[in-house]
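Thanks for coming. I have one structure to go through today, so please look at the screen.

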Amino acid sequence: MDLASAKMIGAGLACIALAGAGNGIGIVFGNYLSGALRNPGAAKTQTTNMFLGFALCEATGLYGLVIALIILFT
C-alpha cells in the first residue's frame, strides 16, 4: 500500500465524525421539539441549551473535517 492510498483511507475514516455530528444534531433538535410541544411554556428557557448542544455537535463534525483535510493535504 502506498502513501496516497493510506492517506485516502485515513481521511475517509476521519470523516466518520461527520455522520455522528449529523446524528447528534438531529437528536438535539428532535428532543427540543418534542419537549416544546409537550410544555410550550418551558420552550423559551430551553432554547439556550438547544443551541449549546447544537454547537457542541457541530464542533465535533468540524474537528473531524479539519483532521481529514490535514491528512489529505500534508
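I will take the overall build first and then one helix.

This is a predicted model, in which local features need pLDDT of at least 70 and side-chain atom pairs count only at pLDDT 80 or more, while totals for chains, interfaces and linings use all residues. Residues are numbered from 1 along each chain as its sequence is written, and side-chain values use heavy atoms, with hydrogens and water left out.

The protein has three helices and zero strands, in the order α-α-α along the sequence. Helices here are DSSP runs of H or I, at least four residues, and strands are runs of E, at least two, numbered from the N terminus.

What box do the C-alpha atoms fill? Roughly 60 × 15 × 10 Å, along the principal axes. The radius of gyration is 17 Å, where a compact globule of 74 residues would have one near 11 Å. That radius is taken over C-alpha atoms, and the globule rule is 2.2 Å times the number of residues to the power 0.38.

Buried residues are 19% of the 74; buried means under 20% relative accessible area, with a 1.4 Å probe and protein chains only.

Now helix α2, residues 16–38. Its 23 residues should span 33 Å at 1.5 Å a residue, and the end C-alpha atoms are 34 Å apart, which agrees. The expected span is 1.5 Å times one less than the number of residues.

Which residues of α2 are buried? Ala-21, Gly-24, Ile-25, Val-28 and Ala-36. The buried residues of α2 pack against α3, residues 43–73.

Terms used:
Buried means under 20% relative accessible area, exposed over 50%, partly exposed in between (1.4 Å probe, protein chains only). Contact means heavy atoms within 4.5 Å.
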